[in-house]
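Could you walk me through this structure, beginning at the start of the chain and moving on to the sheets? A plain tour in a few paragraphs would be ideal.

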Amino acid sequence: MMEIETSNQSEIVDITAGVERYVRESGIEDGICLVYSLHTTTALMINEADDALLNDILKLMERIVPQGAGYKHDRGEGNAHAHLQAALLGSSVVIPVEKGKLALGRWQRILFVELDGPRKRRISVRIIGE
């Protein structure tokens with residue numbers, strides 16, 4: 001289990017190095033790596049970790065699903081926008097493992113998306129293969 005402590009209401013954290021460590025320690029040479037968020041107001045994605053792009057992604061999420069737009073779920077914690085944004089992005093990614101390493105493209109990184117922080121978060125990492 002990987003743990004992350006976020007520091008903003010919304011932010012994107014590059015977790016690639018942590019996942020790579022799990023793959024190395026697993027000893028698995030060929031297979032798949034499943035990375036799964038255990039939270040309903042977070043997401044995972046594969047993309048480039050360029051700061052400008054990450055900022056653009058967060059701004060896009062805010063435009064598509066703005067906070068305080070009259071969602072029924074806001075009667076509770078007021079975080080319906082975070083749940084809806086997470087639903088659009090998804091809660092897991094699967095990456096091939098080849099020769100004991102993640103088979104990511106040149107610019108690809110594993111990105112954890114916080115949408116209702118700051119909070120302590122848990123991410124499950126499972127490596128399956130031989």
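Met 1 is partly exposed in this predicted model, because its relative accessible area is 43%, a value that falls between the 20% below which a residue is called buried and the 50% above which one is called exposed. You will find Met 1 in the segment that comes before β1, the strand covering residues 2-5. On the surface, Met 1 joins Tyr 36 and Leu 38 in a nonpolar patch of about 260 Å².

Step along the chain and you enter β1, which shows two faces: Met 2 and Ile 4 lie on the covered one, while Glu 3 and Glu 5 lie on the uncovered one. The strand β1 runs antiparallel to β8, and 4 bridges join the two. To place this pairing on your screen, look for Met 2, whose bridge partner in β8 is Ile 123.

Now let's widen the view to the sheet that holds these strands. It is an open sheet of 5 strands in the order β1-β8-β3-β5-β6, with antiparallel pairing. At its edges stand β1 and β6 (101-102); each has a single partner strand, so one side of each is left without a neighbour in the sheet. Helix α1, made of residues 16-26, packs on this sheet and touches β1, β3, β5 (92-98), β6 and β8. The direction of helix α1 makes about 35 degrees with that of β8.

Further into this sheet, β3 (residues 31-37) pairs with β8 (residues 120-129) in the antiparallel sense, over 7 bridges. A handy landmark here is Ile 32, which has Ile 128 as its bridge partner in β8.

There is another open sheet to explore, and this one has 3 strands in the order β2-β7-β4, again with antiparallel pairing. Its edge strands are β2 (11-14) and β4 (42-47), each of which pairs on one side only. From one strand to the next, the twist averages 30 degrees.

To follow the pairing in this sheet, start from β2: it meets β7 (residues 109-114) in the antiparallel sense over 4 bridges. Within that pair, Ile 12 has Val 113 of β7 as its bridge partner.

Methods. Residues numbered from 1 in each chain as written. Predicted model: local features only at pLDDT ≥ 70, side-chain atom pairs only at ≥ 80, totals over all residues. Heavy atoms only, no water. Patch = residues over 30% accessible without salt bridge, like charges linked within 9 Å, V, L, I, M, F, W, Y side chains within 5 Å. Areas by Shrake-Rupley, 256 points an atom, 1.4 Å probe, with all protein chains shown as cover. Salt bridge = Lys/Arg side-chain N within 4 Å of Asp/Glu carboxyl O. Buried < 20%, exposed > 50% of the residue type's maximum accessible area, 1.4 Å probe, protein only. Pairing = 2+ DSSP bridges. Axes fitted to C-alpha atoms, helices over the stretch in contact; angles between N-to-C directions. Contact = heavy atoms within 4.5 Å.
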